[in-house]
Amino acid sequence: QLHIKTLNRTRQPWDGKWRIVIFDIREQKRIRRDLFRKALRSLGFVRVQNSVWVFPYECGEMISLLKMEKKVGRDVLYVVAEYIEGDLSLRNKFGLLST
């Protein structure tokens, strides 16, 4: 089982890129979907839409592990983006306004 608390969550300098997790987990997998969403929240992700979550630091390996653990790999997409329209509120939530 993935132990979220033991993952390296040190705040390295932000590289200006957003890590976005997008998922479409069917209603038949509601429990898995809810557990996946809860894990994202506990890892520090911020929800921008129902199934779209954002984090400012590298976490690809962490998301891969989480997808395997929750058995939702095919239903989840991990994206690294340089720009999110209107990201001021996200920068504020993550304490990145001076960046």
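Asp34 is partly exposed, with a relative accessible area of 36%, in this predicted model. Asp34 has its place in helix H1. Although Asp34 and Lys70 are separated by 36 residues in sequence, their C-alpha atoms are 10.0 Å apart in space. A similar link across the sequence involves Arg32 and Glu69, which stand 37 residues apart along the chain and 9.8 Å apart in space, C-alpha to C-alpha. Glu69 is part of helix H2 and, at a relative accessible area of 25%, is partly exposed. These pairs lead naturally to the packing of H1 with H2.

Two packed helices are described by the angle between their axes and the distance between the axes. For H1 and H2, the packing angle is about 155° and the axes are 10 Å apart. Angles over 145 degrees count as roughly antiparallel, and H1 and H2 are therefore roughly antiparallel to each other. The crossing in which H1 passes H2 is right-handed. On the H1 side, the contact is made by Arg32, Leu35, Phe36, Ala39, Leu40 and Leu43, while H2 contributes Met62, Ile63, Leu66, Lys67 and Lys70. Sorted by class, the contact of H1 with H2 comprises eight nonpolar residues and three charged ones, with no polar residues.

It is worth looking at H2 as a whole, since its two faces can be told apart. Within this helix, which spans residues 60-70, the buried residues are Gly60, Met62, Ile63, Leu66, Lys67 and Lys70. Viewed down the axis of H2, the buried residues fall within an arc of 155°, so they line one face of the helix. Their packing partners are strand E1 (18-23), helix H1 (30-43) and strand E4 (76-81). Turned away from this buried side is a face that carries Glu61 and Met68, both exposed.

The end of H2 brings a further point of interest. Just after the helix, Lys71 adopts a positive phi of about 55°, although this residue is not a glycine. Lys71 sits in the loop between H2 and E4. With a relative accessibility of 55%, Lys71 counts as exposed, as exposure is assigned over 50%. Lys70, by contrast, is among the buried residues of H2.

Helix H3 offers another pair to follow. Arg91 lies in this helix, which covers residues 88-93, and is partly exposed at a relative accessible area of 21%. The cut-off for buried is under 20%, so Arg91, at 21%, is classed as partly exposed. Arg91 and Phe55 are 36 residues apart in sequence, and the distance between their C-alpha atoms is 10.0 Å.

The overall fold gives these details their setting. The protein contains three helices and four strands, and along the sequence these elements follow the pattern β-α-β-β-α-β-α. Of its 99 residues, 40% count as buried. Among the contacts in the protein with a separation of 6 or more, 73% are accounted for by residues 24 or more positions apart. The pair Asp34 and Lys70 illustrates spacing of this kind along the chain, at 36 residues apart in sequence.

Terms used:
Residues are numbered from 1 along each chain as its sequence is written. This is a predicted model: local features need pLDDT of at least 70, side-chain atom pairs count only at pLDDT 80 or more; totals for chains, interfaces and linings use all residues. Side-chain values use heavy atoms; hydrogens and water are left out. Buried means under 20% relative accessible area, exposed over 50%, partly exposed in between (1.4 Å probe, protein chains only). The arc is that of the directions from the helix axis to the C-beta atoms. Contact means heavy atoms within 4.5 Å. Axes are lines fitted to C-alpha atoms, for helices over the stretch in contact, and angles run from 0 to 180 degrees between N-to-C directions. Angles under 35 degrees count as roughly parallel, over 145 as roughly antiparallel, 65 to 115 as roughly perpendicular and the rest as oblique. A crossing is left-handed if the near helix is turned anticlockwise from the far one by less than a right angle, and right-handed if clockwise. Ala, Val, Leu, Ile, Met, Phe, Trp, Tyr, Cys and Pro count as nonpolar, Asp, Glu, Lys and Arg as charged, and the others, Gly among them, as polar.
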